[in-house]
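Me: I'm new to reading protein structures and I'd like to go through this one slowly. Could you help me with it?

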Amino acid sequence: MSIHRDMTEPGNTTTDQPVSNTVLEAIADHRGEPPLELDPPLHTVIDCDALDQLYRHDTATPVTVSFTYEELDITVHPDTTVSINTNP
């Protein structure tokens, strides 16, 4: 199963939030859990501050970051969209 989260889609409230929040919300949506109840917490799997710094608006170099969270392969694309694929 795969999902794609685009913060520019209608119904999303802001595109100015840190990319780590976008990732957190995408994982929570995928798992059907409240974002603050994810176990393990996202910050124990990836350095959220470093992730946010990579996607600052003043960064000129496009970046793609991929990591694994539990059974999920997470990819954050240069436009800050998030793709989630479930490992078998």
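Reply: Gladly, and one term should come before anything else: a contact, or a touch between residues, means that heavy atoms lie within 4.5 Å. Please also keep in mind that this is a predicted model.

Me: OK, so which residues does glutamate 70 touch, not counting residues up to four places away in sequence?

Reply: With those sequence neighbours set aside, glutamate 70 touches Arg31, Asp39, Pro40 and Asn87. For proline 40, which is 30 residues apart from glutamate 70 along the chain, the separation between the two C-alpha atoms is 8.2 Å.

Me: And where is glutamate 70 found?

Reply: Glutamate 70 sits in the loop between E2 and E3. The hairpin of these strands has two residues between them, and there glutamate 70 takes a positive phi near 50°.

Me: Is glutamate 70 buried or exposed?

Reply: Its relative accessible area is 46%, and because partly exposed covers the range between 20% and 50%, glutamate 70 counts as partly exposed.

Me: Let me step back a bit. How many helices and strands does the protein chain have?

Reply: The protein chain has two helices and four strands, and if you follow these elements from the N terminus, the order is β-α-α-β-β-β.

Me: How do E2 and E3 pair?

Reply: E2 and E3 pair in the antiparallel sense, over five bridges, and within this pairing valine 65 has valine 76 in E3 as its bridge partner.

Me: What about E3 and E4, how do they pair?

Reply: E3 and E4 also form an antiparallel pair, with five bridges. Isoleucine 74 has isoleucine 84 in E4 as its bridge partner, while threonine 75 stands opposite serine 83 in E4. The hairpin of E3 and E4 has five residues between the strands, and in this hairpin threonine 80 takes a positive phi near 70°.

Me: Why is E3 largely enclosed by the rest of the structure?

Reply: E3 is described that way because four of its five residues are buried. Across the protein chain, buried residues make up 36% of the 88 residues.

Me: New topic, the inside. Which residues touch the most other members in the largest nonpolar core?

Reply: That core has 21 residues, and those touching the most other members are Val23, Ile27, Leu42, Phe67, Tyr69 and Ile74. The elements giving two or more residues to this core are helix H1 (19-31), helix H2 (48-54), strand E2 (65-69), strand E3 (72-76) and strand E4 (82-86), and H1 gives the most, with six residues.

Me: Can we zoom in on isoleucine 27? What is isoleucine 27 in contact with, leaving aside its neighbours within four places in sequence?

Reply: Apart from those neighbours, isoleucine 27 is in contact with Leu38, Leu42, Tyr69, Leu72, Ile74 and Ile84. For the protein chain as a whole, among contacts with a separation of 6 or more, residues 24 or more positions apart account for 43%.

Me: Last thing, charges. Which side chains meet in a salt bridge?

Reply: The side chains of arginine 31 and glutamate 33 do, at 3.6 Å from N to O, and the count for the structure comes to one salt bridge. Arginine 31 is partly exposed at 24% relative accessibility, and glutamate 33 is partly exposed with a relative accessible area of 27%.

Me: And how much area does the protein chain expose?

Reply: The protein chain exposes about 5,300 Å², of which carbon and sulfur atoms supply 51%.

Methods:
Residues numbered from 1 in each chain as written. Predicted model: local features only at pLDDT ≥ 70, side-chain atom pairs only at ≥ 80, totals over all residues. Heavy atoms only, no water. Buried < 20%, exposed > 50% of the residue type's maximum accessible area, 1.4 Å probe, protein only. Areas by Shrake-Rupley, 256 points an atom, 1.4 Å probe, with all protein chains shown as cover. Core = buried A, V, L, I, M, F, W, Y, C linked by side-chain atoms within 4.5 Å. Pairing = 2+ DSSP bridges. Salt bridge = Lys/Arg side-chain N within 4 Å of Asp/Glu carboxyl O.
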